[in-house]
Amino acid sequence: MQKMIQNADFNQNLKRLRAEKGFSQNNLVSRMQTLGSNISRSGYSMIEIGARNIKVTDLVALQQIYKVDFAEFFKGIDPHE
């Protein structure tokens, strides 16, 4: 199972993108599940607060839902952290 290590900027980027699209966590998770994710709303919430890592496949689902470049998820992250 592939996962990514998160940091505060990554978590804030997830929240920012969701807010910009006007999605609730429930709405977003429903869309992710439509794309084949088995994530729950509470699981997604844990990702946003940094208590859980995100699966690469879920990040791909988010990219498809938001229709943004992957760089949007990594804004403000120093590559040497």
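Which side chain makes a polar contact with the side chain of glutamate 48 at 2.7 Å? Keep that in mind as you read these notes, and remember throughout that this is a predicted model.

1. **The opening question.** The partner is arginine 18, whose side chain makes a polar contact with the side chain of glutamate 48 (2.7 Å). The two residues also form a salt bridge, with the closest N and O atoms 2.7 Å apart. This pair links distant parts of the chain, since glutamate 48 is in helix 3 and arginine 18 is in helix 1, 30 residues apart. Try finding both helices in the picture: helix 1 covers residues 8–21, and helix 3 covers residues 41–48.

2. **Buried or exposed?** It is worth asking this about both partners of the salt bridge. Glutamate 48 has a relative accessible area of 3%, and arginine 18 has 15%. The cut-off for buried is under 20%, so glutamate 48 counts as buried and arginine 18 counts as buried too.

3. **Other company for glutamate 48.** Arginine 18 has a fellow partner here: the side chain of glutamate 48 makes a polar contact with the side chain of glutamine 25 as well, at 3.0 Å. If you leave aside the neighbours within four places in sequence, glutamate 48 is in contact with Asn11, Leu14, Lys15, Arg18 and Gln25.

4. **Helix 3 as a whole.** Glutamate 48 belongs to a list of buried residues in helix 3, made up of Gly43, Tyr44, Ser45, Ile47 and Glu48. What do the buried residues of helix 3 pack against? They pack against helix 1, helix 2 (25–34), strand 2 (54–55) and helix 4. Just after helix 3 comes glycine 50, which takes a positive phi of about 85 degrees.

5. **The salt bridges.** How many salt bridges does the structure hold? There are four. Besides the pair in the first point, have a look at arginine 16 and glutamate 72, whose side chains meet in a salt bridge (3.3 Å, N to O). Arginine 16 lies in helix 1 and glutamate 72 in the segment after helix 4, so this pair ties together parts that are 56 residues apart in sequence. Arginine 16 is partly exposed, with a relative accessible area of 24%.

6. **A network of charges.** Glutamate 72 also forms a salt bridge with lysine 75, and here the closest N and O atoms are 3.2 Å apart. Lysine 75 counts as partly exposed, at 44% relative accessibility. Salt bridges that share partners join Arg16, Glu20, Glu72 and Lys75 into one network.

7. **Glutamate 20, a network member.** You will find glutamate 20 in helix 1. With a relative accessible area of 54%, glutamate 20 is exposed. Now compare sequence and space: glutamate 20 and tyrosine 66 are 46 residues apart in sequence, yet 9.3 Å apart in space, C-alpha to C-alpha.

8. **Aromatic rings.** Tyrosine 66 brings us to the rings, where the count comes to four aromatic pairs. In one of them, the rings of tyrosine 66 and phenylalanine 73 have their centres 6.5 Å apart and their planes at 35 degrees, so this pair is tilted. Both tyrosine 66 and phenylalanine 73 are buried. Phenylalanine 73 also pairs with phenylalanine 70; that pair is tilted too, with 6.2 Å centre to centre and 40 degrees between the planes. Taken together, ring pairs link Phe23, Tyr66, Phe70 and Phe73 into a cluster.

9. **Two neighbours in the cluster, two settings.** The relative accessibility of phenylalanine 73 is 0%, and the residue counts as buried. Phenylalanine 70, in contrast, is partly exposed, with a relative accessible area of 33%.

10. **A nonpolar patch on the surface.** Which residues make the nonpolar surface patch of about 210 Å²? They are Val60, Phe70 and Phe74. Phenylalanine 70 therefore appears both in this patch and in the ring cluster, and its relative accessible area of 33% makes it partly exposed. Valine 60 sits in helix 4 (residues 56–66) and is partly exposed, also with a relative accessible area of 33%.

Methods
Residues numbered from 1 in each chain as written. Predicted model: local features only at pLDDT ≥ 70, side-chain atom pairs only at ≥ 80, totals over all residues. Heavy atoms only, no water. Patch = residues over 30% accessible without salt bridge, like charges linked within 9 Å, V, L, I, M, F, W, Y side chains within 5 Å. Areas by Shrake-Rupley, 256 points an atom, 1.4 Å probe, with all protein chains shown as cover. Helix = DSSP H or I, 4+ residues; strand = E, 2+ residues; numbered from the N terminus. Buried < 20%, exposed > 50% of the residue type's maximum accessible area, 1.4 Å probe, protein only. Polar contact = N/O pair within 3.5 Å; in protein donor to acceptor, adjacent residues only side chain to side chain. Contact = heavy atoms within 4.5 Å. Phe/Tyr/Trp six-rings, centres within 6.5 Å; stacked < 30°, edge-to-face > 60°.
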